[in-house]
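Subject: Structure handover

Hello,

Here is the structure you will be working with. Please open it first, then read the notes below it.

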Amino acid sequence: MAESLDIIILTYNEEKNIEACLKSTLPLNSNIYIVDSGSTDNTLAICRKFTGNIFDHPFENYAAQRNWALANLPLQGTWIFNVDADHRISEELALELNAILSTQTDADLNGFLISRRTIFMDKWIKHGGHYPTYHANMFRRGYGSCEDKLYDQHFLVNGRTKILKGDIIDIITDSINTFVTRHNHWATLEAQYQFAKKNKPDSTELIQPKFWGNPMQRRRYLKNKYESFPLFVRPVIYFLIRYFIKLGFLDGKTGFVFHFLQGFWFRMMIDIKVYELQKINSKPYELKA
């Protein structure tokens with residue numbers, strides 16, 4: 001190949017996911033790097049069947065772990081592809097990437113935007129504005145980093161990017177209990193971020209919100225608009241738009257469960273936690289004589 005590829009995968013007790021993930025990367029003929037944060041199951045034993053590049057680093061948050069990997073791994077590839085353990089590289093994407101790697105890319109092209117194909121309870125969620133959703137998972141070595149955020153982090157690419165046709169298949173949960181537990185945790189992180197952001201309006205974000213920008217910039221613009229609406233009202237509006245106007249109901253019963261949990265319940269939990277932070281940080285109520 002004219003250009004080489006390094007794949008970075010973060011792991012922690014991913015024995016249910018990691019083998020299928022690693023098998024899906026085999027057509028890419030890449031160098032695979034595992035960054036583990038103390039797995040106690042069979043994750044590392046499975047990983048050793050595919051690569052000897054296994055590193056241990058304590059987990060602080062996803063952004064810190066991603067950026068540590070970019071700064072400290074002995075990466076040598078022309079391109080870096082960031083993959084999660086619950087991701088699968090689709091056959092279409094593998095063919096597309098191999099075609100790209102077989103030739104010399106333009107010098108000013110430093111990243112690729114790849115859409116995620118969400119699989120929830122064995123169903124592809126195609127509607128409700130949830131597909132396609134692009135992320136800059138792949139970039140030229142030395143030209144990318146991860147946003148320093150506790151939740152909803154995106155990769156920032158320094159230079160021109162190109163949208164790819166193939167998808168990353170994202171198996172987002174193995175059970176409703178796992179889904180609810182994870183999203184409750186993420187709601188806490190997002191509430192803390194929104195509360196801090198509102199009290200520090202001069203704070204900057206790596207992904208600049210632009211309606212006419214690339215898909216990630218447009219998504220960040222719309223997210224900021226969403227956050228400008230009143231608490232408890234915005235989740236209702238968002239769900240109605242997503243489920244009815246953006247045709248989320250076409251995803252059937254499973255789609256209803258997903259759009260309700262991810263498009264309404266999760267965002268209402270964020271608002272409740274923001275409200276709680278506001279109450280905690282407000283002045284104590286004083287009884288008048």
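The sulfur of C21 has its closest cysteine sulfur in C47, 8.7 Å away, which is too far for a bond. This is a predicted model, and the distance is computed from its atoms. A disulfide needs two cysteine sulfur atoms within 2.5 Å, and by this rule the count is zero. Seen from the other side, C47 is in no disulfide either, the nearest cysteine sulfur being that of C21. C21 counts as buried because its relative accessibility is 0%. C47 is buried too, with a relative accessible area of 0%.

Next, the strands. How many bridges join strand β1 (residues 5–11) to β2? There are six, and the two strands run parallel. Within this pairing, I7 of β1 stands opposite I32 in β2. Between the two strands the chain passes through helix α1 (residues 18–25), and this β-α-β crossover is right-handed. β2 is also joined to strand β3 (residues 54–56), by three bridges, and these two run parallel as well. There, D36 has D56 in β3 as its bridge partner. Five of the six residues of β2 (residues 31–36) are buried, so this strand is largely enclosed by the rest of the structure.

Last, helix α8 (residues 252–281). Its 30 residues, at 1.5 Å a residue, should span 44 Å, and its end C-alpha atoms are 42 Å apart, which agrees. Where does α8 bend by about 30 degrees? The bend is at L261.

Regards

Conventions:
Residues are numbered from 1 along each chain as its sequence is written. This is a predicted model: local features need pLDDT of at least 70, side-chain atom pairs count only at pLDDT 80 or more; totals for chains, interfaces and linings use all residues. Side-chain values use heavy atoms; hydrogens and water are left out. Buried means under 20% relative accessible area, exposed over 50%, partly exposed in between (1.4 Å probe, protein chains only). Helices (H or I, at least four residues) and strands (E, at least two) are DSSP runs, numbered from the N terminus. Two strands pair if DSSP finds at least two bridges between them. A crossover is right-handed if, with the strands pointing away from the viewer, the path from the first strand over the helix to the second runs clockwise. The expected span of a helix is 1.5 Å times one less than its number of residues. The bend at a residue is the angle between axes fitted to the seven residues ending there and the seven starting there.
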